[in-house]
Amino acid sequence: MKPKLTPKIMRLCLLWGLFCLLVINISVWQKEQLWQHGEPILLELAPVDPRSLMQGDYMQLDYKLARQLANELRAKGQFQDNMQGWLRVSLDEQQRAAFVALESDPEAPLLQQQRRLPFKVRQGELQLASQAFFFEEGQAEHFSQGRYGELRLGADGELMLVGLRDSQLKPL
């Protein structure tokens with residue numbers, strides 16, 4: 001016996017589908033708002049691997065700030081998997097971030113050019129933001145000139161990688 005789709009079940013399926021589309025569109029809108037209105041922050045980086053056979057061309061990113069923070073946590077004996085927290089950075093006139101301190105009180109006042117950035121440790125690796133930058137196939141040489149990751153910082157502390165910059169801070 002074949003199950004019958006009643007009008008009530010069909011309406012529920014339609015409502016569920018509309019709800020899913022609404023949630024997805026809200027998420028996309030929020031990311032677009034962060035991209036357009038988030039505060040730009042530049043993190044110095046060291047490219048690691050410019051190619052993935054399964055995913056096409058991309059660059060694995062390693063932020064110098066992440067290395068500094070990982071060293072600080074290890075020196076204090078606090079580096080552990082599945083931890084998360086905040087670090088304090090100072091921004092220069094070109095929005096380049098420099099490590100100031102590990103935040104013990106995320107509500108402490110910041111100086112004018114200081115910001116709080118979120119971090120987490122997963123599988124023994126400290127992560128600040130996206131660690132991969134995808135680009136059009138055949139553009140590896142162009143993007144290998146990247147020296148800074150361009151991120152956007154939202155009011156809620158969310159960080160989003162939006163591009164790469166060269167050593168003169170020009171967008172690639």
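Leaving aside its neighbours within four places in sequence, which residues is Leu 110 in contact with? Keep that in mind; the tour returns to Leu 110 below. Note at the outset that this is a predicted model.

**Stop 1: the whole chain**

Show the full chain as a cartoon. You will find 3 helices and 10 strands. Starting from the N terminus, the elements follow the order α-β-β-β-α-β-β-β-β-β-α-β-β. The radius of gyration is 21 Å, well over the 16 Å that the globule rule gives for 172 residues, so the chain is more spread out than a compact globule. Turn the C-alpha trace along its principal axes: the spans are about 65 × 45 × 30 Å.

Now switch on the surface. About 11400 Å² of the chain is exposed, and carbon and sulfur atoms supply 54% of that area. Buried residues account for 35% of the 172 residues. Take the contacts between residues at least 6 apart in sequence: 59% of them join residues at least 24 apart.

**Stop 2: the four-stranded sheet**

Select β4, β5, β6 and β7. They form an open sheet in the order β5-β4-β6-β7, and the pairing is antiparallel. Colour residues 97–102 (β5) and 125–127 (β7). These two strands stand at the edges with a single partner strand each, so one side of each has no neighbour in the sheet. On average, neighbouring strands here are turned by 40° against each other, direction ignored.

Next, select residues 64–75. This is helix α2, which packs on the sheet and touches β4, β5, β6 and β7. The direction of α2 makes about 15° with that of β5.

Narrow the view to residues 84–91 and 114–122. These are β4 and β6, antiparallel strands joined by 7 bridges. Pick Trp 86 and look across to β6: its bridge partner there is Pro 118.

**Stop 3: Leu 110**

Select Leu 110, in the loop between β5 and β6. Here is the reply to the opening question: apart from neighbours within four places in sequence, Leu 110 is in contact with Arg 88, Glu 103, Arg 115 and Arg 116. Put a distance label on Arg 88. Its C-alpha is 8.4 Å from that of Leu 110, with 22 residues of separation in sequence.

Is Leu 110 buried, exposed or partly exposed? Its relative accessible area is 31%, so it counts as partly exposed.

**Stop 4: two loop residues with positive phi**

Go to Asn 82, in the loop between α2 and β4. Its phi is positive, about 65°, although Asn 82 is not a glycine. With 58% relative accessibility, Asn 82 is classed as exposed.

Then select Gln 123, in the loop between β6 and β7. Gln 123 is also not a glycine, and its phi is positive, near 50°. The relative accessible area of Gln 123 is 76%; the cut-off for exposed is over 50%, so Gln 123 is exposed.

**Stop 5: Gln 131**

Move along to Gln 131, in the loop between β7 and β8 (132–134). Show side chains. Which side chain does Gln 131 join through a polar contact? The partner is Gln 127, at 3.4 Å. Leaving out neighbours within four places in sequence, the contacts of Gln 131 are Met 59, Gln 60, Leu 61, Glu 125 and Leu 126. Of these, Glu 125 and Leu 126 belong to the edge strand β7 (125–127).

**Stop 6: the β9–β10 hairpin**

Finish with residues 148–153 and 159–165. These are β9 and β10, paired in the antiparallel sense over 6 bridges. To check the register, pick Tyr 148, which stands opposite Arg 165 in β10. Then pick Leu 151, which stands opposite Leu 161.

Select the connection between the two strands. The hairpin has 5 residues there, and Gly 157 takes a positive phi near 95°.

How many residues of β9 are buried? The count is 6 of 6. Both faces of β9 are covered. Tyr 148, Glu 150 and Arg 152 are buried on one side. Gly 149, Leu 151 and Leu 153 are buried on the other. Now colour β10 by accessibility: 7 of its 7 residues are buried, so β10 is largely enclosed by the rest of the structure.

Terms used. Residues are numbered from 1 along each chain as its sequence is written. This is a predicted model: local features need pLDDT of at least 70, side-chain atom pairs count only at pLDDT 80 or more; totals for chains, interfaces and linings use all residues. Side-chain values use heavy atoms; hydrogens and water are left out. Two strands pair if DSSP finds at least two bridges between them. Axes are lines fitted to C-alpha atoms, for helices over the stretch in contact, and angles run from 0 to 180 degrees between N-to-C directions. Contact means heavy atoms within 4.5 Å. The radius of gyration is taken over C-alpha atoms; the globule rule is 2.2 Å times the number of residues to the power 0.38. Buried means under 20% relative accessible area, exposed over 50%, partly exposed in between (1.4 Å probe, protein chains only). Accessible areas come from the Shrake-Rupley method with a 1.4 Å probe; for residues, only the protein chains shown count as cover. A polar contact is a pair of N or O atoms within 3.5 Å; within protein, one must be able to donate a hydrogen and the other to accept it, and residues adjacent in sequence count only if both atoms are side-chain atoms.
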